[in-house]
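Work through the exercises below with the sequence and the model side by side. Try each task before reading its solution.

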Amino acid sequence: MPDPKTTILIADDHALVRDGMRALVASVLGDVLCTEAADADSLMQAAGGDPPAQLALVDLNMPGMEKGFRLAELARRYPALPVVVISALTSPDVVRRTLELPNVFAFVPKSAPSDDLCTAMAAAL
């Protein structure tokens, strides 16, 4: 179980999805602080926030993400931040390109069961 001071960054442009992920994170990890981002710019800002995030759950298809190409910027700016990508974009090329980034620990399709996300979070932490 992570320290209660652990900060999880949830980045998705849909509030309902963020709410669901926050509930799932709380049910799995317990008392952690969740910060949120709804687009690429707020993701970059929140990743370097205070307290800094120890894990980012990131949707590829948010405004400003350029279908995931901004993940490379996130990796350059915050190389120690583990990322779990959660996306409806699941073409083999997108998945391969995403998993080639050094700080991406897992790619979880939005169609996957929640257990897959739980496993990915535990591995990344």
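**Exercise 1.** Which residues are linked with Arg18 in a network of salt bridges?

Solution. The model is a predicted one. Start at Arg18. The network links Arg18 with Asp19, Arg22 and Glu36. Now widen the search: the whole structure holds 11 salt bridges.

**Exercise 2.** Find the salt-bridge partner of Lys110 and place both residues in the chain.

Solution. Step one: Lys110 pairs with Asp12, and their closest N and O atoms are 2.8 Å apart. Step two: Lys110 sits in the loop between β5 and α5 (114-124), Asp12 in the loop between β1 and α1 (15-29). The two are 98 residues apart, so the pair links distant parts of the chain. Step three: check exposure. Asp12 is buried, because its relative accessibility of 1% is under 20%. Lys110, at 35%, counts as partly exposed.

**Exercise 3.** Which residues of helix α4 form salt bridges with Asp93?

Solution. Take Arg96 to begin with. Its side chain meets Asp93 at 2.7 Å, N to O. Both lie in helix α4, three residues apart, about one turn. Next comes Arg97, with closest N and O atoms 3.9 Å from those of Asp93. That passes, because the cut-off is 4 Å. Arg97 and Asp93 are four residues apart in α4, again about one helical turn. Exposure: Asp93 at 39%, Arg96 at 47% and Arg97 at 24% are each partly exposed.

**Exercise 4.** Describe the largest nonpolar core, then follow one of its residues outward.

Solution. Count the members: 23 residues. Leu9, Leu43, Val58, Leu71, Leu74 and Val83 have the most contacts inside it. Two or more residues come from each of β1, α2 (40-47), β3 (55-58), α3 (70-77), β4 (83-87) and β5 (104-109). The largest share, five residues, is from α2. Now follow Val58. Beyond its sequence neighbours up to four places away, Val58 touches residues including Leu43, Leu71 and Val83. A separate core has 18 residues, among them Met21, Val25, Ala106 and Ala120.

**Exercise 5.** How do β4 and β5 run, and how many bridges join them?

Solution. The strands run parallel, joined by five bridges. One partner pair is Val83 and Val104 of β5. Add helix α4 (residues 92-99): β4, α4 and β5 make a right-handed β-α-β unit.

**Exercise 6.** Why is there no bond between Cys34 and Cys118?

Solution. Locate the sulfur of Cys34. The closest cysteine sulfur, in Cys118, is 13 Å away, too far for a bond. The cut-off is 2.5 Å. Across the whole structure the search finds zero disulfides. Cys118 is buried, at 16% relative accessibility.

Note on methods
Residues are numbered from 1 along each chain as its sequence is written. This is a predicted model: local features need pLDDT of at least 70, side-chain atom pairs count only at pLDDT 80 or more; totals for chains, interfaces and linings use all residues. Side-chain values use heavy atoms; hydrogens and water are left out. A nonpolar core is a set of buried Ala, Val, Leu, Ile, Met, Phe, Trp, Tyr and Cys residues joined through side-chain atoms within 4.5 Å. Buried means under 20% relative accessible area, exposed over 50%, partly exposed in between (1.4 Å probe, protein chains only). Contact means heavy atoms within 4.5 Å. Two strands pair if DSSP finds at least two bridges between them. A crossover is right-handed if, with the strands pointing away from the viewer, the path from the first strand over the helix to the second runs clockwise.
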